Amino acid sequence: MASKLETLKANLEAALGARVVSLTEALGELTLVISSKDYLSVAKELRDNPSLRFEQLVDLCGVDYQTYGDGAWEGQRFAAVSHLLSITNNWRLRLRVFAPDDDVPIVSSLVDIWSSANWYEREAFDLFGIVFEGHPDLRRILTDYGFIGHPFRKDFPISGYVEMRYDPEQKRVVYQPVTIEPREITPRVIREDRYGGLRKH
C-alpha cells in the first residue's frame, strides 16, 4: 500500500503533468517547483482539484539565493515559497516559483486564490523587493514608507544606507547617510582551566 506522501506525489504528477519543473522529497516533505508562467494555473489546480484540495495557504515568504551553497548557485536569484495545507486530505506541500528576472523580480499574486497571501506577499515585497503582479495593495508593511532598498537581500549592507535622528534645531526627525563604519566583530573566546568540569584536589 502506498504511503500518504507517495499518493500525493502521484496525484501531483497526474494533475500537473508537464507543468512540474521538479518534485522532490526531503525530510518527509514534498517541494514542487514550477515556472512563473504556470504559477496561477498550478495554484488553482492545487486548490480545486479533488485529488489535491489544498484549501489553505499557511505561509509565503521570499528567498534570495544569491549566496546559496557557498555562492555556487547558478539559477535565478529570487523565489517565492508557499506552504500549503489540505485539511480534507491532511497533507502539506511546499510550492516554489522563481522570478525570471533578477533585476526586477516579478511573479503573480496568489491573493485571488488564497486571500491569506495578502500580507505575506507585502512582506516579501518589502524585505526582498519581489513584486507580486495583481496584488490589490502592494506596499511596504514592516519598514518605513520612505525606506530605501530591501533589507533581507543578501547584498543589503548590515548597517543600512541611511540613519535617522532627532534634530533639536529643526524640531523633527531627519534622515542622513550612515555615519557608522562597517566592521566585522569577531567574538573573543576565553577558556578557563577546569571550566564546566569538576575541580581536582
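Q: Which residues make the nonpolar surface patch of about 730 Å²?
A: We're looking at a predicted model, where local features need pLDDT of at least 70, side-chain atom pairs count only at pLDDT 80 or more, and totals for chains, interfaces and linings use all residues. Residues are numbered from 1 along each chain as its sequence is written, and side-chain values use heavy atoms, with hydrogens and water left out. Patch members have over 30% relative accessible area (Shrake-Rupley, 1.4 Å probe, only the protein chains shown counting as cover) and no salt bridge (Lys or Arg side-chain nitrogen within 4 Å of an Asp or Glu carboxyl oxygen), and nonpolar side chains are joined within 5 Å. Here that gives I148, Y161, V162, M164, Y166, V173 and Y175.

Q: Which element gives the largest share of the nonpolar patch?
A: Strands here are DSSP E runs of at least two residues, and helices are H or I runs of at least four, numbered from the N terminus. Two or more patch residues come from each of β8 (162–167) and β9 (172–177). Y166 sits in β8. With 3 residues, the largest share belongs to β8.

Q: Why is one side of β1 and of β3 left without a neighbour in the sheet?
A: Strands pair if DSSP finds at least two bridges between them. The open, mixed sheet of 5 strands runs β1-β2-β5-β4-β3. β1 (20–26) and β3 (56–64) are at its edges, so each has just a single partner strand.

Q: What is the bridge partner of A79 in β5?
A: β4 (78–86) and β5 (91–98) pair in the antiparallel sense over 8 bridges. For A79, the partner in β5 is F98.

How values were computed:
Patches are made of residues with over 30% relative accessible area and no salt bridge: like charges are joined within 9 Å, nonpolar side chains (Val, Leu, Ile, Met, Phe, Trp, Tyr) within 5 Å.
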